[in-house]
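Student: Could you take me through one part of this model in close detail? I'd like to see how its pieces pack against one another.

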Amino acid sequence: MEDVDSSRFNPSARGGSTLDAGPPIDRIESVFAVYETRTEGDRLVYYGDPLRPPEQVIRELWPAFRETGYEPQLTIRHGEYVLVAEPTEIGIDGIPWTNLVLFLATIVSTLFAGAQWYYFDPFSNPAELLRAWPFTAAVLGVWSVHEMGHYVMSRYHRVDASLPYFIPVPSLIGTMGAVIKMKGRMPDRKALFDIGVAGPLAGLIATVVVTIIGLHLPPVTAPPGLVNDPDAFQINLGYPLLLEWLAALFDQPLYRDDPATAVNPVVIGGWVGMFVTFLNLIPVGQLDGGHILRAMTGEFQETIAALVPGVLFALAAYLYYIADYGRYAVFIWVFWGFLTAVIAAVGPAQPVDDDGLDRGRFLLGVVTFALGALCFMAVPIEMIP
């Protein structure tokens, strides 16, 4: 049974109470008239009447509770307003076994994916699997830096966030990426912007480094039997402007006359980083682009987000009916059209303090979206039978 300590409010009788861990009662009563206090485990509970609109009450009390290590929430219980403050825990508690197991599983799945790009056969020779480690290092390196960018800025702004959860999936790249979980509400637009922008920018820096390394590694050549196999299909990757510019800058070819020769799979790791950067910067809901645009434009972000699914569906229709690309190339944007519609319906994060951003952050947001546009590919993957 949960430990509950209840008392009618009496300032002189609160000495030594767990409630003393919270902000001074007179600070709370400036916007919330308290008539009863309780502790429920490690939570502080205040029954009372809001003296201002509920959202304004939370906005004004948020800094005071955060200074004492709590996060407040105003709810209604049995017709009464209740201010519940839960302790915030910033950091890692114990060994993150789930994160570690998923990360190890993703290493294995990306090794199998990398073996395909190197034309290795790990089933007939399991030792071949380990030779695909450069691809795994490239893909997981880019994704890890991206997610750690979010994590570091979450810690900086004292927002409780988990370590990355990697998602192993049998596919061309072996993973669906990684996510971090954030608890509680975002303090202000600055925190929302910094946490949102840190991932794409950090990941893009890692992507550029990985791409440059991959461009200087030798290309791979498909076995003759595979090239002449009538049942095999060809996979063509679209290259974004950023990748083409890097290749031109270092005078390294992306396109080759020999269909059996392809870029080193480490370059594909950089390609993954660019594609992930673009997708994450789509300005809807809880995606990084949604966080950034919400911090930059306020509630106008939801108007822009409502248009995004239609744009993606229109792109898919153009590719299929006018440009005459295959169904697989079109499926990607149809899938993301439905996905962004769902994400947009959920809505963006709502910061407690909704004051506008400074000019420097706003300009950085514009630059970030411009970099994301350089990572766009109308046809990311095309499969030709």
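Tutor: Happy to! A term to begin with: a helix here is a DSSP run of H or I with at least four residues, numbered from the N terminus. Keep in mind that this is a predicted model.

Let's start with helix 4, residues 133–156. Its 24 residues should span 34 Å at 1.5 Å a residue, and the end C-alpha atoms are 33 Å apart, which agrees. After helix 4 comes Arg158, with a positive phi near 60°.

Now to the part I'd look at most closely, helix 5, which covers residues 189–215. One of its partners is helix 8 (residues 265–280): the two axes come within 7 Å and cross at roughly 155°. That makes helix 5 roughly antiparallel to helix 8, and their crossing is left-handed. From helix 5, the contact takes in Pro200, Leu204, Thr207, Val210, Thr211, Gly214 and Leu215. Facing them in helix 8 are Val266, Val267, Gly269, Gly270, Gly273, Met274 and Thr277. By class, this contact has seven nonpolar, seven polar and no charged residues. As background for reading such a list, an α-helix has 3.6 residues a turn, so residues three or four places apart point the same way.

Helix 5 also packs on helix 9 (residues 288–297), at an angle of about 145° and with the axes 8 Å apart. This crossing, too, is left-handed. Here helix 5 offers Arg189, Leu192, Phe193, Gly196, Val197 and Pro200, while helix 9 brings Asp288, His291, Ile292, Arg294, Ala295, Met296 and Thr297. The contact with helix 9 divides into seven nonpolar, three polar and three charged residues. Notice that Pro200 takes part in both contacts of helix 5.

For another pairing to set beside these, try helix 10 (residues 300–322) and helix 11 (residues 327–346), whose axes lie 8 Å apart at an angle of about 170°. That makes helix 10 roughly antiparallel to helix 11. Their contact holds 16 nonpolar, two polar and one charged residue; among the residues that meet are Phe313 and Tyr320 in helix 10, and Arg327, Trp333 and Trp336 in helix 11.

Finally, the annotation. An unreviewed UniProt entry places "transmembrane region" features at several spans, including 163–180, 192–213 and 330–350. In the model, residues 330–350 are 81% helix and 0% strand, with end C-alpha atoms 33 Å apart. Residues 163–180, in contrast, are 0% helix and 50% strand, and their end C-alpha atoms lie 6 Å apart.

Technical notes. Residues numbered from 1 in each chain as written. Predicted model: local features only at pLDDT ≥ 70, side-chain atom pairs only at ≥ 80, totals over all residues. Heavy atoms only, no water. Axes fitted to C-alpha atoms, helices over the stretch in contact; angles between N-to-C directions. Helix = DSSP H or I, 4+ residues; strand = E, 2+ residues; numbered from the N terminus. Parallel < 35°, antiparallel > 145°, perpendicular 65-115°, else oblique. Left-handed = near helix turned anticlockwise from the far one by under 90°. Contact = heavy atoms within 4.5 Å. Nonpolar A, V, L, I, M, F, W, Y, C, P; charged D, E, K, R; others polar. UniProt positions renumbered as here; feature names shortened; annotations may be inferred. Expected span 1.5 Å × (residues − 1).
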